[in-house]
Amino acid sequence: MQDYEFKDILNDLISDKKLSKSEIARQLGMSYKRLDNYTKGKFNPNLEGAIILANYFKCSLDFLLALSDKNNYNKEIKFKPNFDKRYEKLRKSIDCSHYKLCEILDMDINTKRDWEKGKIPVLSSLIKLAKYFDVSLDYMVTGEE
C-alpha cells in the first residue's frame, strides 16, 4: 500500500458508506472541516481521532492509516492502559536499551517516563514502534493481536 495514504483510504471508506461527509462528521461528533481536512490530506488524526474513525468504519488502525492492505478489524478498538509494559516487553525481546531505540527511531528520550505516568503515546511514535517491532498498530494500542 505504498502509494495509498490515509486520505485515500478515508475517501474510499466514506464513498463505501454512501453518506455525505457532513452526515458522517455529524455521526462522528466532529466538525465537517476536520473531516474534510483529513480527506484532503491537510493533516492526519491524533490517536483518539484515528480510533474513532477506525471503529466507525469497522477497520483496523493499520488499514485506516495505510500501513496494511488487510483489514483485520474484529472488535471495537480501545486504548489499553499500561502501554509502557507492552513497550518494555517488546524492547526486551530484541535486547535493546530505551536510549538506543530512541536514537534509532528519532524519538524523545523522555517518552518512556511519560508512558510510565500513563500518558498515551502520540500516533507517530506508535507507528514508528509498530514498524520497528514488526507488530500491528492495533497491537500497540490494544495489546491484542
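## How α6 and α9 cross

In this predicted model, helices α6 and α9 cross in a left-handed way. Their axes come within 11 Å and cross at roughly 30°. That angle is under 35 degrees, so α6 and α9 count as roughly parallel to each other.

Who does the touching here? On the α6 side look for Phe-83, Tyr-87, Leu-90 and Arg-91, which meet Leu-126, Leu-129 and Phe-133 of α9. Sorted by class, the contact of α6 with α9 has 6 nonpolar residues, no polar ones and 1 charged.

## The buried side of α9

Helix α9 covers residues 123–133, and its buried residues are Leu-123, Ser-125, Leu-126, Ile-127, Leu-129, Ala-130 and Phe-133. Leu-126, Leu-129 and Phe-133 should look familiar, as they also take part in the contact with α6.

The buried residues of α9 have other partners as well: they pack against α4, α6, α7, α8 (111–116) and α10. After α9 comes Asp-134, and its phi is positive, near 55°.

## A buried pair in α6

Back in α6 (residues 83–93), Arg-91 and Glu-88 sit 3 residues apart, about one turn of the helix. Their side chains form a salt bridge, with 2.5 Å from N to O. Are these two buried or exposed? Arg-91 and Glu-88 are both buried. Arg-91 is also one of the α6 residues that meet α9.

## Another one-turn pair, in α7

Helix α7 (residues 98–105) has a salt bridge too: the side chains of Lys-100 and Glu-103 meet at 3.1 Å, N to O. Because Lys-100 and Glu-103 are 3 residues apart in α7, about one helical turn separates them.

Neither side chain needs guesswork on accessibility. Lys-100 has a relative accessible area of 39%, which makes it partly exposed. Glu-103, with 44%, is partly exposed as well.

## A salt-bridge network

Elsewhere, salt bridges with shared partners tie Lys-21, Asp-36 and Lys-40 into one network. Within that network, Lys-40 pairs with Asp-36, and their closest N and O atoms are 2.9 Å apart. Asp-36 counts as buried because its relative accessibility is 10%, and the cut-off for buried is under 20%. Over the whole structure, a search finds 8 salt bridges.

## α2 against α4

Now for another helix pair. Helix α2 (residues 21–28) packs on helix α4 (residues 47–57) at an angle of about 110°, and the two axes are 11 Å apart. The roughly perpendicular range runs from 65 to 115 degrees, so α2 and α4 are roughly perpendicular to each other. Their crossing is right-handed.

In this contact, α2 supplies Ile-24, Gln-27 and Leu-28, while α4 brings in Ile-52, Leu-53, Tyr-56 and Phe-57. The tally by class is 6 nonpolar residues, 1 polar and no charged ones.

## Glu-145, after α10

Last stop: Glu-145, in the segment after α10 (137–142). Is Glu-145 buried or exposed? Glu-145 is exposed, because its relative accessible area is 71% and the exposed class is over 50%.

Glu-145 still has contacts. Setting aside neighbours within four places in sequence, Glu-145 touches Asn-74, Ser-136 and Tyr-139. The C-alpha atoms of Glu-145 and Val-135 are 8.6 Å apart, with these positions 10 residues apart along the chain.

Definitions and conventions. Residues are numbered from 1 along each chain as its sequence is written. This is a predicted model: local features need pLDDT of at least 70, side-chain atom pairs count only at pLDDT 80 or more; totals for chains, interfaces and linings use all residues. Side-chain values use heavy atoms; hydrogens and water are left out. Axes are lines fitted to C-alpha atoms, for helices over the stretch in contact, and angles run from 0 to 180 degrees between N-to-C directions. Helices (H or I, at least four residues) and strands (E, at least two) are DSSP runs, numbered from the N terminus. Angles under 35 degrees count as roughly parallel, over 145 as roughly antiparallel, 65 to 115 as roughly perpendicular and the rest as oblique. A crossing is left-handed if the near helix is turned anticlockwise from the far one by less than a right angle, and right-handed if clockwise. Contact means heavy atoms within 4.5 Å. Ala, Val, Leu, Ile, Met, Phe, Trp, Tyr, Cys and Pro count as nonpolar, Asp, Glu, Lys and Arg as charged, and the others, Gly among them, as polar. A salt bridge is a side-chain nitrogen of Lys or Arg within 4 Å of a carboxyl oxygen of Asp or Glu. Buried means under 20% relative accessible area, exposed over 50%, partly exposed in between (1.4 Å probe, protein chains only).
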